[in-house]
Amino acid sequence: MTYRAILYALFFLSGLSALIYQILWVRSFSLIFGGSHMAVTTVLAVFMGGLALGGYLGRHTDRSPRPLRIYGLLEIGIGVAAILLIGLLSVYPDLYIAFAHLVNNNLAVLTFVRTLFAIIALLVPTTLMGLTLPALAGFANRQMGGHLGEQLSFLYGINTFGAVAGALAAGFFLLRYFTVTSTYGLAIAISLLVGVLALALDRRSEQDASAEKGTETTIEIQESVSDHVSEGGVVVPVRLILIGIGVSGFCALGYEILWTRVLSIVVGTTVYSYTLMLVAFLIGIALGGGSYQLLLRLIGKKSHVIGRMVLWFGLTQIVIGLLAILVSIALRDLTGQALIVEEILRDWYSSGNKILQTTNFVMALLYMLVPAFFMGLAFPLAGDIVARARGKVGKAVGETLTWNTVGAILGAAVSGFVLIYLFGIERSLQYLSLINLGFGLMICVSLFKNRIAMWGVATSVVLIMVVMAANPEVLRIWDTKYFATFNHNARQAFTTEEKRAEIDEITEVMYYAEGTTSTVSVVKIKGVNQGLNVNGRTVASNDKKDQQCQYTLGHLPMLLHKNPEKVWVLGMGTGMTAGATVVHPEVKSVTVVELEKHVVPAARTFAADNHSFLEHPKVKVVFNDGRNFLLTTEERYDVITADPIHPWSQGAAYLYTDEYYRLAASRLRSGGVMCQWLPIYELTPRDLRSVVKTFANNFQYVYVWLTDYDAELIGSNEPIEINIDDLQKRIEASPEVLADLQRVDMGSAAQFLSYGIMGPAASRAYGKEAPLNTDDNLFLEFSAPDSKGKAELIAINIASLASYREDLSPYISGETLYAKLGTDSSNFLRATQIYDIAHQRRYEGKELHPGYALLMDSLERQFPWYAPGQFLRNAFQVSQSRSPQRLEEIKLTLVGNQGTPFMMTLTAVTIKISPERVKLLIVDNQAKKIYGHIYIDGSAAKIDQRVAKQAEKLLQLIDTVYRQEKPAGTSPAALPTLEKIKAAINSFKVEDI
């Protein structure tokens, strides 16, 4: 009948709207409860709990002669409940804040309150959602003809494909081009439309049923309450099947969470990345669920094959476990595989962002699709088995859905909070695989009615897990150093085995941990710097330009406030921002709010740069979502600042919205100052303008500082009095403050103020035409990821900011800035103009051009007092010192493949990594080929002499190998000789000092 196709389309739309609801509700509750893993998991658990309850209640749909009518009413009920939920979400913040104040932010009590609030809000609509599948399954079995397994397979598959469409629609289109409110309204409209159309179809189906009375095809089997039901001579282990589908749900959600965590190291943590990984997983589920019809053709449809169905269900669980093991093995070379996919896609796309996103999706499909296929296949298979045994379609589908969903809830919670914490990701995946394999074997063995064998399988699995727990290194195949050092923003450094080997040679992993929300590592590049990596990306380091930004985020608001006693810092990172605030003598308390606990030991490795702030008695560390902490705290602060957190990172964009800045402004004391990081990389000028406009919308007085690689915003709702003389005294009053600022060329008040480029007037003009970024329009969250990897944006943004430069002297009292610098306003203006050109050229990659050297010379000769120019000159000198320098060379006569002799020159070339570390390479400049390299360490005073000596010895070694290969009276063959020379270089040992 034509209404079948319409009904299937409606169930597709039902899945689409359900996924949109889930995304929106998780977002909405995250703004109230916070974006911590605990808060998000609580909301998801309640959401799935409602689905499970709906599945449990769905067994009663068997009593209704018109299940399609029930389905229509359920969809209308979902839409109405979603409308009512809008009202609840409007009053929840005030209620939640009141509770938080009442219990003094006690985490245990707040977790209970979050759960209670989520249950009250979500239980009705999600329960109604859970009821829809049993209702439609009952209708399909009674009135649409065909076999229950086929109908359940098709319904489950098409509903899941609807969820795929919902994820794609919300993640790539609706939330990007429309508001959250509009998207929510669309989901409600879909629910109501589906409900109304289903009621109309119900009337049509009743008419058809009257005309075709007696054609129903229900399963006529008496219901039994026994755990084992005899069916066609086979004892059906119903309870074990239900537990099995629960275990399947447990493992499925566990795999999804753990695989997503690993994949994020390569694909990143943007909103698009997470959407693509979810979609890949759901596609596999949908294909598996829809393919059950094909399996039925293999095993037959008659009741006497139910034993074979039980066997297939057990085998499905075994296959899932085996595939999960294979995925875990493959993940050890995840980064290399991603780079291969990228190279293939370069022939198809010119856009770097398209290559990145397509790579993300392909990688997610490669790892998730096949295992998810069998996970999806397991659900209709289990439902069909239970229906055959129970004889009640609605009850069977409801029970299956309930057990599967409850298992999924437990899988998400246990994997995210327990397994990762206790065992790490790799071992957790192995445990889940064992659970799948064990239950699959138990189900297969159950057909032989041998309880001893079943318990033997269970005991064996438990014993294996205990042995693995007692021996943490057994069966480990992942190289954690590989994951610790990988940086998905510097993929090209990992493209070959040689490059990976060199990275392994020059890096030291100082810390590595897999936390509940992030994989955290600290990697030290020998002779260069030390970086903090989070989910495969370096987020901060002690490189000079990074230090300048982090110290500015700490010292700038502290110095512009007259008496900063209470300080609040969002995010810990390396701890340099928080550490910069602690050393100011006026400070009485510093509260640092961090989401991931494993960042704390990582920050300790930067103690030399962050003043060991974690040991300071004034410092208090709180593990919470930063925005949620500000929402619920009763405290007020003199200074609010933040460690660098890029807005494209999942959830971070909520720290750049109008609502957040309004909240932060309300938590400042009278005269309070807020500082906001403004990255000038991986954002477009329009993105920058949007941040400045949104920030300025909540602070009357706004200033912009432009450091080398970043910008910093300062905001206050009371005039900021900048007295240059007082500022100088305060800098000199603290040796730690002075040392920090001198380290980044900001050592005096005049130098410090020289980095300011906009005051209140220019700041407002700069952001005037940009969109306001809000919790509702989510402009920045969906715009920022488009700029990932676009290095050219740094220079463009520098030019954009510099074009709005404002003379800050009217905002400065005391002796003039120009007098402090020993110059005048016109000369200062000239310095800024030359600097802006040079600054832009540097990030256009033109440091090696002759014109750039002339700009550096001009800054040095004419404007030595201009601090930003001094910082640029110092960076240029470091860059020049790292340029390759030729030392000695050796000429070799070799014989080519055609027997023709030719001359080759091998040259010793040095690259200075740091004053104490040099890389010595042997190269063929003509062929542009490197034959080997070594690293040489030593004191700055003696390093050059040491390098020259080692280069001489290395060339002597090459000459020795050459002579050994050279036959009497002729020249040696090129290929074997060069291979031996290469081996000799790589085995060369540098003399100890």
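Student: Which helix holds Gln 548?
Tutor: This is a predicted model: local features need pLDDT of at least 70, side-chain atom pairs count only at pLDDT 80 or more, and totals for chains, interfaces and linings use all residues. Numbering starts from 1 along each chain as its sequence is written, and side-chain values use heavy atoms, leaving out hydrogens and water. Helices (H or I, at least four residues) and strands (E, at least two) are DSSP runs, numbered from the N terminus. Gln 548 lies in the run 544-560, helix H17.

Student: Is Gln 548 buried or exposed?
Tutor: Buried means under 20% relative accessible area, exposed over 50%, partly exposed in between (1.4 Å probe, protein chains only). The relative accessible area of Gln 548 is 0%. Therefore Gln 548 is buried.

Student: Which backbone atom does the side chain of Gln 548 reach?
Tutor: Contact (heavy atoms within 4.5 Å) links Gln 548 to residues including Thr 707, Asp 708 and Phe 871, not counting those up to four places away in sequence. At 3.0 Å, its side chain reaches the backbone nitrogen of Asp 708.

Student: How many residues of strand E10 are buried?
Tutor: Strand E10 covers residues 637-642. It is largely enclosed by the rest of the structure, because the buried residues number six of the six.

Student: What is the bridge partner of Val 569 in E10?
Tutor: Two strands pair if DSSP finds at least two bridges between them. Strand E7 (residues 566-570) pairs with E10 over four bridges, in the parallel sense. The partner of Val 569 in E10 is Thr 641.

Student: Which residue of E11 stands opposite Tyr 637?
Tutor: E10 also pairs with strand E11 (residues 668-679). The sense is parallel, over three bridges. Opposite Tyr 637 in E11 stands Leu 668.

Student: How many residues does the hairpin use to join E3 to E4?
Tutor: Strands E3 (residues 507-514) and E4 (residues 519-525) are antiparallel, with seven bridges. Glu 508 stands opposite Lys 524 in E4. The hairpin joins E3 to E4 through four residues.

Student: Which strands stand at the edges of the sheet E17-E18-E19-E20?
Tutor: Four strands form this open sheet, with antiparallel pairing. Each edge strand has a single partner, so one side of it is left without a neighbour in the sheet. The edge strands are E17 (885-895) and E20 (929-937).

Student: What is the bridge partner of Lys 912 in E19?
Tutor: Strands E18 (residues 901-914) and E19 (residues 917-924) run antiparallel, joined by seven bridges. In E19, the partner of Lys 912 is Val 918.

Student: What angle does helix H34 make with E17?
Tutor: Helix H34 (residues 943-965) packs on the sheet and touches E17, E18, E19 and E20. Axes are lines fitted to C-alpha atoms, for helices over the stretch in contact, and angles run from 0 to 180 degrees between N-to-C directions. Against E17, the angle is about 0 degrees.

Student: Which helix gives the most to the largest nonpolar core?
Tutor: A nonpolar core is a set of buried Ala, Val, Leu, Ile, Met, Phe, Trp, Tyr and Cys residues joined through side-chain atoms within 4.5 Å. The largest has 138 residues, of which Trp 25 and Trp 259 touch the most other members. With 17 residues from the run 238-267, the top giver is helix H7.

Student: How many of the 20 residues of H8 are buried?
Tutor: H8 covers residues 271-290. It is largely enclosed by the rest of the structure, because its buried residues number 16 of the 20.

Technical notes
Polar contact = N/O pair within 3.5 Å; in protein donor to acceptor, adjacent residues only side chain to side chain. Expected span 1.5 Å × (residues − 1).
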